[in-house]
Amino acid sequence: MLPKVDLSDIAEELSRLGDEIQRAYDDSEQTVEPAPQVPLSGLAQLLDTVRASEAESRGESTQALRTATGAEPDALIDHGLGLLRQIAEVARRLNLELQAQAIEVLAVPFACWMLRRGCELQHPEEVVNALASLANQLKEPDELAELYGLMGEIAEGIGADRIQGMDPTDPTDPWLVLLINRGIVATRSHEPLLMEEAFNAIGEQLPDHAPTFFRECMGQQDALDYPPHVREVMQRYFDKWCSGQRLH
């Protein structure tokens with residue numbers, strides 16, 4: 001189930017998971033630093049500050065955040081994501097893998113909430129990884145279509161400097177991973193319009209990767225039993241990118 005882009009829901013889930021992590025920490029005989037309460041308290045305070053700074057417009061929200069924190073809103077996204085990462089790392093050191101994964105997924109609603117208030121995402125690694133984790137958990141086309149929308153918000157919110165600095169030879173580059181995964185999610189949503197949008201973005205921004213992507217899509221269509229209207233879109237882009245001089 002997709003997390004809601006709502007600070008109250010994020011705070012509630014954080015409290016639930018935090019209690020489980022804190023109990024494991026209290027019962028553990030090993031030394032774990034930092035104590036989970038440190039990043040948990042820091043993130044709870046950040047969420048309270050962000051909630052109190054919400055205004056009617058994006059511009060007013062960003063200005064209120066600057067006034068309340070003395071920091072640029074873009075830095076607050078990084079700070080929140082860093083705290084989520086710390087909490088997840090503590091959970092893993094306490095052998096709480098499921099809780100760690102659940103904490104990491106909160107990067108998506110937190111980042112989307114901040115982006116909707118006019119912030120920009122300069123370091124998208126954690127969010128892109130969380131989106132991939134969610135994609136692996138979802139199976140229903142309507143849920144995948146909703147996830148596609150969140151992926152689009154993250155794509156639009158990534159800073160232009162970060163996109164221009166993408167390394168297309170690095171398969172782990174977050175911008176590359178996001179666009180490829182968004183194409184996969186669009187296909188699994190069975191929505192031709194989403195597929196066309198995602199496929200066009202791959203062709204325009206990742207032309208060197210496009211032939212491989214569309215070739216692999218065609219190779220999986222029988223195993224995944226895609227309906228005819230999905231196969232038609234896939235065939236069209238395969239013909240465009242994987243025939244004639246493009247075949248390599």
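Here are a few short exercises, with worked solutions, on the predicted model shown above.

**Exercise 1. The overall fold**

Work out which elements make up the chain and how its radius of gyration compares with the globule rule.

*Solution.* Start by counting elements: the chain has 13 helices and zero strands. Reading from the N terminus, you just get α thirteen times over. Next, check the radius of gyration. It comes out at 20 Å, close to the 18 Å that the globule rule gives for 248 residues, so the chain is as compact as a globular protein of that length. For a feel of the dimensions, the C-alpha atoms fill a box of roughly 60 × 45 × 35 Å along the principal axes.

**Exercise 2. Inside, outside and charge**

Find how much of the chain is buried, what its surface offers and how its charges are placed.

*Solution.* Take the inside to begin with: 45% of the 248 residues count as buried. Then look at contacts between residues at least 6 apart in sequence; 69% of these join residues at least 24 apart. On the outside, about 12,400 Å² is exposed, and carbon and sulfur atoms supply 48% of that. Last, the charges: there are 20 positive and 43 negative ones, and their mean positions sit 3 Å apart.

**Exercise 3. Two helices, H8 and H11**

For H8, compare the expected span with the distance between its end C-alpha atoms, then do the same for H11, and say what covers their buried residues.

*Solution.* H8 covers residues 141-157. At 1.5 Å a residue, its 17 residues should span 24 Å, and the end C-alpha atoms are 24 Å apart, so the two agree. Its buried residues include Leu144, Leu147, Tyr148, Leu150 and Met151. Their cover includes H6, H7, H9, H10 and H11.

Now H11: its 14 residues should span 20 Å, and its end C-alpha atoms are 20 Å apart, which agrees again. Leu194, Met195, Ala198, Phe199, Ala201, Ile202 and Gly203 are buried here. These pack against H8, H10, H12 (210-220) and H13 (228-241).

A handy reminder when you look down either helix: an α-helix has 3.6 residues a turn, so residues three or four places apart point the same way.

**Exercise 4. Zooming in on Ala155**

Is Ala155 buried or exposed, and which residues does Ala155 touch?

*Solution.* First place the residue: Ala155 lies in helix H8. Its relative accessible area is 9%; buried means under 20%, so Ala155 is buried. Leaving out residues up to four places away in sequence, Ala155 touches Ile163, Trp175, Leu178 and Arg182. As a final check on distance, Ala155 and Met1 are 154 residues apart along the chain, with their C-alpha atoms separated by 21 Å.

Methods: Residues numbered from 1 in each chain as written. Predicted model: local features only at pLDDT ≥ 70, side-chain atom pairs only at ≥ 80, totals over all residues. Heavy atoms only, no water. Helix = DSSP H or I, 4+ residues; strand = E, 2+ residues; numbered from the N terminus. Rg over C-alpha atoms; globule rule 2.2 N^0.38 Å. Buried < 20%, exposed > 50% of the residue type's maximum accessible area, 1.4 Å probe, protein only. Contact = heavy atoms within 4.5 Å. Areas by Shrake-Rupley, 256 points an atom, 1.4 Å probe, with all protein chains shown as cover. Lys, Arg positive; Asp, Glu negative; His and termini not counted. Charge placed at Lys NZ, Arg CZ, Asp CG, Glu CD. Expected span 1.5 Å × (residues − 1).
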